[in-house]
Amino acid sequence: MDTKPHTIITASDVRCGDFLATHWLGSLRQNVVLDRVDVVVLDFGLTASQRSALDGVGAVRVRCEGKAKVSRYAETTRFLEKHHYDQVLAVDCGDLIFQRDVSHLFEFQKDRIRGVLERYPIPLPILLRGTGGRLRRSIREKLRGRSMVNVGFLLGPSEKMQELGRTVGRYADDLEHDQPLVSCLLYESGFEALDGTYNFVPWTARQSFYVENGIFHTSDGERPAVVHNTGLRDPFRIVRDFGYGPGHNQHIRTPYLRVASAWSRFRSFTRGREL
């Protein structure tokens, strides 16, 4: 196929397919300049209607085997090896929307992988559950005292994204969560930290925010470019009707400052302890 210079690539199974086709894709097409960007979806078992929605707007859909969480790195690398792109944005699609253009990031620090640092420490014992002993100890040591990189929004030159994908893919079966390993690899190879507006997570936001007509605004009136309703567990996905457009994002279940305070207390409790 003829490719554009850059690609935005995501992976989805049937569980996230409706959100992908309606909210993720709708917000992307309305807010992001895509003239030089191919939108690629790794299809891990979408339904016929979900596939039709993607095909109808010209998204490149690639059928894949296995589970999206485990196989997406290897499948992303396999796709990039076959198609030449300059820059690649790998992004989550089941809990993320776009509110402003991000296409200018393809021209920013083009020789490095870019991502947003987590604003609060996430307890490694939870994220490393199920990880093998040697790998677990290595990750724990390398991340001690460091913030992790949120892997829901990563972009970089295609070659480096392929290299990252190949390395993570080798450990995929041993990982319950990929973020600690990816963060370690990025600290080792070097990366560029992006402003938090490109991965605004409501439950860890340090700045207060409000929602107007379905759009998130920080207390200074700015719209975060990307809103990521992520969380380790369902209680931390605090926006219960998350989506794109009026009528969504009206029910915020957990006071986010209270959650942030709980993480701060956890950090104080575990400081100096073996994790």
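**Strands, helices and buried residues**

Author: Seven bridges join strand S1 to strand S2 (residues 37–43), and the two run parallel. Within this pairing, Thr-7 has Asp-38 of S2 as its bridge partner. The model is predicted: local features need pLDDT of at least 70, side-chain atom pairs count only at pLDDT 80 or more, and totals for chains, interfaces and linings use all residues. Residues are numbered from 1 along each chain as its sequence is written, and side-chain values use heavy atoms, with hydrogens and water left out.

Reader: Why are S1 and S2 called a pair?

Author: Strands pair if DSSP finds at least two bridges between them. S1 and S2 have seven, so they qualify.

Reader: What makes S6 and S7 a pair?

Author: Strand S6 (residues 113–117) and strand S7 (residues 149–157) are joined by three bridges, so they pass the rule of at least two. S6 and S7 run antiparallel. One of the contributors is Leu-117, whose bridge partner in S7 is Val-149.

Reader: What is the order of the strands in the open sheet?

Author: The order is S3-S2-S1-S4-S7-S6-S8, seven strands with mixed pairing.

Reader: Why are S3 and S8 said to stand at the edges?

Author: Strand S3 (60–63) and strand S8 (191–193) each have a single partner strand, so one side of each lacks a neighbour in the sheet.

Reader: What makes H6 and H7 helices?

Author: A helix is a DSSP run of H or I of at least four residues, and a strand is a run of E of at least two, both numbered from the N terminus. Helix H6 spans residues 158–171 and helix H7 spans residues 179–189.

Reader: Which strands show that H6 and H7 pack on the sheet?

Author: The term rests on contact, that is, heavy atoms within 4.5 Å. H6 touches strand S4 (87–91), S6 and S7, while H7 touches S6, S7 and S8. With angles running from 0 to 180 degrees between the N-to-C directions of axes fitted to C-alpha atoms, for helices over the stretch in contact, H6 makes about 135° with S7 and H7 makes about 45° with S7.

Reader: Why is H7 called mostly covered?

Author: Buried means under 20% relative accessible area, exposed over 50%, and partly exposed in between, with a 1.4 Å probe and protein chains only. In H7, eight of the 11 residues are buried. They are Gln-179, Pro-180, Leu-181, Val-182, Ser-183, Cys-184, Leu-185 and Leu-186. Just after H7, Gly-190 takes a positive phi of about 95°.

Reader: What makes S1 largely enclosed?

Author: Seven of its seven residues are buried, so the rest of the structure largely encloses S1. In a regular strand the side chains alternate between the two faces of the sheet. On one side of S1, His-6, Ile-8, Thr-10 and Ser-12 are buried, and on the other Thr-7, Ile-9 and Ala-11 are buried, so both faces count as covered.

Reader: Why does Thr-76 count as buried or exposed?

Author: Thr-76 has a relative accessible area of 16%, which falls under the limit for buried, so Thr-76 is called buried. Thr-76 lies in helix H3. With neighbours within four places in sequence left aside, Thr-76 is in contact with Ile-9 and Leu-42. Ile-9 is itself one of the buried residues of S1.
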